[in-house]
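Before reading on, please take a moment with the sequence and the fold. The paragraphs below begin at a single residue, move out to the whole chain, and then return to individual elements.

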Amino acid sequence: MADLSAVTALVIEANPNMRTQLRTMLGESGVEKVQLAVSAGAAVRKLRETTFDLILCEYHIGDGQDGQHLLEDLRHNNIIPLSTLFIMVTGERQYEKVVSAAELAPNDYVLKPFAADTLHTRIARAIIKRDALLPIYKLIDAGDTPGALRACLEGERAHPQYLLDFLRLRAELHIFAGEADEAEVVYQQVLKLRAIPWARLGLAKALYMRQRYGEAEDLLAGLVDENDQFLDAYDWLARTREAAGELAKARDILARAAAVSPHRLGRLRRLGAIALEMDDPHTAETVLGEVVRKGKYSDFRDPDDHVWLMQAQIGNGKLEEAAATLRDLDRSMASTERGKLCTALSAAMLHGKLGDEGKAKAAVESALSESRRLGKLSLGLKQELARACFDHGMEAAGTEVVLDIMRTAETPRAVENTCKMLDARGYAPLAQDLEKQVHQEVRALVATGAEKAKAGDFDGAVTEMLSAVGKMPNNVHVLFNAALALLRHIENRGWSEQYAEQAQRLIDRVRRQDPNNARLPALKEFHATLKAKFGIRDIKV
């Protein structure tokens with residue numbers, strides 16, 4: 001038997017008898033360093049403090065969560081590293097549902113009932129595979145995506161028994177880097193070997209990134225039709241329809257997914273947000289009420305949820321329910337920084353609807369103060385803060401918030417929705433003026449960097465453009481020209497690994513946000529030419 005004495009494990013199981021049984025089995029398998037958690041919340045708290053080699057988790061863990069939801073929370077919030085094994089314990093009757101092509105799948109499943117030797121075999125097998133993938137995990141954790149891609153190629157040659165695992169990792173790394181074309185090639189390679197659902201999902205993601213929404217939708221709709229438990233396909237189908245402007249279809253597919261899996265807060269939040277954007281407060285109230293209720297059992301509860309629930313309740317004319325939601329927010333999360341902001345914003349909404357202009361304006365002032373102190377806000381909170389400012393005659397403050405949205409928005413749609421909000425309040429000319437102002441700011445920033453480079457001040461050009469990225473972190477023109485400034489510096493001052501990596505990250509961001517950018521191929525070619533000029537070895541991946 002393989003020696004598992006060095007393995008550290010966390011058992012997540014609500015039933016005390018089963019918890020004891022699993023601990024005993026682990027001991028019989030040689031795993032002696034075992035800690036226990038009786039709920040998802042207890043597990044998250046332990047995992048924030050300690051890293052384990054293995055998590056053994058019962059599928060049904062109570063508190064409105066299951067093991068799959070917990071795994072997704074842990075991965076999405078970077079609570080556990082990729083090297084931590086997650087093995088799900090489940091009954092055979094639930095197995096088909098549990099393994100329904102989840103994008104974030106556990107490392108293995110153990111079906112009840114089972115014996116200690118079965119558990120030992122599954123853990124040993126998972127560790128052997130993990131060790132083969134470990135060099136890639138370490139490179140990913142270090143932020144070295146090119147190195148991780150090269151390690152995938154090496155792994156495919158050294159461990160052909162895990163070929164599909166290496167191919168999947170390589171494709172996902174290309175997706176992360178914004179390299180949709182390269183990801184598509186890998187997914188097609190997998191599909192030639194086997195018609196695996198995750199590869200079809202990945203191919204749809206690559207098509208989505210290239211804004212080929214119709215083709216992506218066809219693939220995703222097919223996956224959902226074939227397997228009504230394939231929740232990740234639902235989510236990407238909704239995202240694809242939303243990107244194509246088909247909000248009603250996006251709402252409907254998310255509603256179907258929520259009926260299949262009613263506990264995933266992220267999906268419910270998205271459904272509520274789309275319903276609010278569509279002016280469908282009835283759907284929004286139902287869904288967001290569930291988000292707030294279920295969030296009470298989650299370590300990832302978000303005060304924003306109360307804001308959007310109140311917005312839906314006010315939209316439905318349910319002011320007493322909105323007041324109760326505000327009291328709940330004030331009682332449960334007003335002591336946190338974001339909770340204070342959300343409480344003030346919610347109070348402004350309610351007082352405004354009740355016609356108490358003095359209290360409403362005071363609440364907006366408080367929200368503005370909290371926002372300045374907090375610094376970084378979600379797009380939704382920024383938009384609500386801007387709306388509150390203009391609704392209560394605070395045009396100067398509202399203008400500053402809108403400018404911040406326009407300078408930092410990740411998508412054109414965010415700017416469009418903000419302009420619609422201004423237009424609905426009679427500020428259409430202001431919206432046009434602010435858009436022009438931001439465009440002028442971008443041109444001025446880019447021109448200043450270009451002038452410095454033209455004058456031979458390549459250090460100054462880099463400093464100027466990186467400062468511009470800080471001011472407008474999602475503006476494609478700023479990102480593009482910052483990457484160009486870094487490459488011009490390398491061209492004229494010599495190779496810099498730091499500048500080359502920064503340029504690559506900026507190029508990746510441009511590719512993710514604007515995959516069809518006509519100037520992008522030339523920038524990538526310039527980068528490759530500089531590597532060749534300075535003899536930098538770059539393995540084709």
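Does Asn78 count as buried or exposed? This is a predicted model, and in it Asn78 has a relative accessibility of 67%, so that it counts as exposed, a class that begins over 50%. Asn78 is found in the loop between α3, which covers 67-76, and β6, and its backbone has a positive phi of about 55° although the residue is not a glycine.

The setting for such details is the protein as a whole, which holds 26 helices and 7 strands. The radius of gyration of the protein is 26 Å, close to the 24 Å that the globule rule gives for 541 residues, so the protein is as compact as a globular protein of that length. Along the principal axes, the C-alpha trace spans about 75 × 70 × 40 Å. Of the 541 residues, 51% count as buried, while the area that the protein exposes comes to about 25200 Å², with carbon and sulfur atoms supplying 49% of it. When contacts between residues at least 6 apart in sequence are considered, 61% of them join residues at least 24 apart. As for charge, the protein carries 72 positive and 78 negative charges, and the mean positions of these two sets are 2 Å apart.

From the whole we can turn to the strands, beginning with β6, the element that follows the loop of Asn78. All 7 of the 7 residues of β6, residues 85-91, are buried, so this strand is largely enclosed by the rest of the structure. Leu85, Ile87, Val89 and Gly91 point one way from β6, whereas Phe86, Met88 and Thr90 point the other way, and the residues of both sets are buried.

Which strands does β6 pair with? One partner is β3, residues 54-58, which pairs with β6 in the parallel sense over 5 bridges, and in this pairing Leu54 stands opposite Leu85 in β6. Another partner is β7, residues 108-112, where the pairing with β6 is again in the parallel sense and runs over 5 bridges; here Met88 stands opposite Tyr109 in β7. After β7 the chain enters a loop that leads to α5, 116-141, and Pro113 is found in that loop. A cis peptide bond, with omega of about -5°, joins Lys112 and Pro113.

Strand β1, residues 8-12, offers a further example of an enclosed strand. Of its 5 residues, 4 are buried, so β1 is largely enclosed by the rest of the structure. Strand β1 pairs in the parallel sense with β2, residues 33-37, over 5 bridges, and Ala9 stands opposite Val34 in β2.

The helices supply residues of another kind, among them Arg48, which lies in α2, residues 40-49. With a relative accessibility of 49%, Arg48 counts as partly exposed, because that class ends where exposed begins, at over 50%. Leaving aside residues up to four places away in sequence, Arg48 touches Ile79, Asp299 and Phe300. Arg48 and Leu74 are 26 residues apart in sequence, and their C-alpha atoms are 9.6 Å apart in space.

Further along the chain, Gln211 lies in the loop between α9, 197-209, and α10, 213-226. Gln211 has a positive phi of about 65° although it is not a glycine, and with a relative accessible area of 37% this residue is partly exposed.

Which residues does Ala243 touch, not counting those up to four places away in sequence? Ala243 touches Tyr208 and Tyr213, and its own place is in helix α11, residues 231-243. At 34% relative accessibility, Ala243 counts as partly exposed. The C-alpha atoms of Ala243 and Gln504, which are 261 residues apart along the chain, are separated by 26 Å.

How values were computed:
Residues numbered from 1 in each chain as written. Predicted model: local features only at pLDDT ≥ 70, side-chain atom pairs only at ≥ 80, totals over all residues. Heavy atoms only, no water. Helix = DSSP H or I, 4+ residues; strand = E, 2+ residues; numbered from the N terminus. Rg over C-alpha atoms; globule rule 2.2 N^0.38 Å. Buried < 20%, exposed > 50% of the residue type's maximum accessible area, 1.4 Å probe, protein only. Contact = heavy atoms within 4.5 Å. Areas by Shrake-Rupley, 256 points an atom, 1.4 Å probe, with all protein chains shown as cover. Lys, Arg positive; Asp, Glu negative; His and termini not counted. Charge placed at Lys NZ, Arg CZ, Asp CG, Glu CD. Pairing = 2+ DSSP bridges.
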